[in-house]
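Visitor: I have a model open in front of me and would like to learn how to read its features. Could we walk through them together?

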Amino acid sequence: MTTRLVNLVIDAARPEALAGFWAALLGWHVAVEEDGEVDVRAPESDGWDLDLVFVPVLEPKEVKNRIHLDLASTTRAHQAELVSRALELGGRRVDLGQGDVPWVVLADPEGNEFCVLEPRERYADTGAVASILVDAHDPELLAGFWARLTGWPIQAREGGTLVGLRGPSGRGPWLEFLRNDDVKQVKNRVHLDIAPPADAAHAAVVTEVIAAGAAPADLGGPALPWRVLSDPEGNEFCVLTPR
């Protein structure tokens, strides 16, 4: 498979304001603003090759997101500093029944959950974002599917509860799949975009991705140059035009 990850996309009522929150929290910068979309980009030192993309939607957030970000910290003091910064910028604490855990669960100004992790050796070199975490009924199955689409090999397993992919460069965030039995109810407000290389035929790549286990996801609306599909557990993602 020649596709690669290019974006993590977040639906937003106010994309500019939400992008501002995340840029300030992560220490990243707003790189693109057009047609209501706002892209936030990491410094090269973070090793994050994706854009964090905020797009306008009318639908309100209804349920806990199935995909969220885990932020990395280097010390307990740094973790506390990140939590304080998030709260000052408009975030809030969230109780999802996590109980007494060493990480802190927060939500951004539009209610998107994220975690500020305690220092962990696995995430010592990821930059600001430790992991893109995906809820999964079958972490092994879903990790295998996304490993094929991204070219990121499986590099971590924790029993039957978590499977982690890491980019071949060994830099930037992990893509992790965590066992969770919650049933998907609505369209995800956070999704991944993949793209073929510039010399590929888009239709042929879409066919290849479907053969790997994806399914068409008809979300209605106007015809688009990219294709919306869903992974084996129904998580929507986009196959963008070649680039």
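Guide: Gladly. Let us begin with a pair of facing residues: Arg166 stands opposite Trp174 in β12. Keep in mind throughout that this is a predicted model.

Visitor: How many bridges join β11 to β12, and do the two run parallel or antiparallel?

Guide: Strand β11, residues 162-166, runs antiparallel to β12, and five bridges join them. A second partner of β12 is β9: residues 129-136 pair with residues 174-179 in the parallel sense, over six bridges. To find that pairing on screen, look for Leu133, which stands opposite Glu176 in β12.

Visitor: What should I keep in mind about side chains along a strand?

Guide: In general, side chains in a regular strand alternate between the two faces of the sheet.

Visitor: Now to backbone angles. Which sign does phi have in most residues other than glycine?

Guide: For most of them phi is negative. Here, Asp35 has a positive phi, near 50 degrees, although Asp35 is not glycine.

Visitor: Where does Asp35 lie, and is Asp35 buried or exposed?

Guide: Asp35 lies in the loop between β2 (29-34) and β3 (37-41). Asp35 counts as exposed because its relative accessibility is 82%, and the cut-off for exposed is over 50%.

Visitor: Let me try cysteines next. What is a disulfide, chemically?

Guide: The general idea is a covalent bond between the sulfur atoms of two cysteines. In this model there are zero disulfides.

Visitor: Are Cys115 and Cys238 buried or exposed?

Guide: Cys115 is buried, since its relative accessible area is 9%. Cys238 counts as buried too, at 8% relative accessibility. The cut-off behind both calls is under 20%.

Visitor: Which open spaces should I look at, and what is the volume of the largest pocket?

Guide: The largest pocket holds about 890 Å³ of space. It is lined by 30 residues, and the closest to its centre are Leu219, Leu224, Trp226, Val228 and Cys238. So the buried Cys238 turns up again here. By class, this lining has 16 nonpolar, five polar and nine charged residues. Among the elements that each supply at least two of them are β1, β13 (190-195) and β16 (236-239).

Visitor: And what is the volume of the second largest pocket?

Guide: That one is about 510 Å³. Of its 23 lining residues, His68, Trp103, Cys115, Leu133 and Leu178 are the closest to the centre. Two or more residues of the lining come from each of β5, β8, β9 and β12. In this lining, nine residues are nonpolar, five polar and nine charged.

Visitor: What about enclosed spaces: how many cavities of 30 Å³ or more are there?

Guide: There are two. The largest has about 60 Å³ of space, and β5 gives the most to its lining, with three residues. Its lining includes Ile67, His68 and Leu69, along with Trp22 and Phe114. Seven of the lining residues are nonpolar, three polar and one charged.

Visitor: Which residues line the second largest cavity?

Guide: Among them are Ile67, Val134, Trp146, Phe177 and Asp231. About 40 Å³ of space lies there, and its lining divides into six nonpolar, one polar and two charged residues. Ile67 is worth selecting on your screen, as Ile67 lines the largest cavity and also the second largest.

Conventions:
Residues are numbered from 1 along each chain as its sequence is written. This is a predicted model: local features need pLDDT of at least 70, side-chain atom pairs count only at pLDDT 80 or more; totals for chains, interfaces and linings use all residues. Side-chain values use heavy atoms; hydrogens and water are left out. A disulfide is a pair of cysteine sulfur atoms within 2.5 Å. Buried means under 20% relative accessible area, exposed over 50%, partly exposed in between (1.4 Å probe, protein chains only). On a 1 Å grid over the protein atoms alone, a cavity is a set of points where a 1.4 Å probe fits but cannot get out, and a pocket is an open set with protein on both sides within 12 Å along at least five of seven lines; lining residues have an atom within 4 Å of a point. Grid points are joined across faces, edges and corners, and a volume is the space filled by probe spheres set on the points. Helices (H or I, at least four residues) and strands (E, at least two) are DSSP runs, numbered from the N terminus. Ala, Val, Leu, Ile, Met, Phe, Trp, Tyr, Cys and Pro count as nonpolar, Asp, Glu, Lys and Arg as charged, and the others, Gly among them, as polar. Two strands pair if DSSP finds at least two bridges between them.
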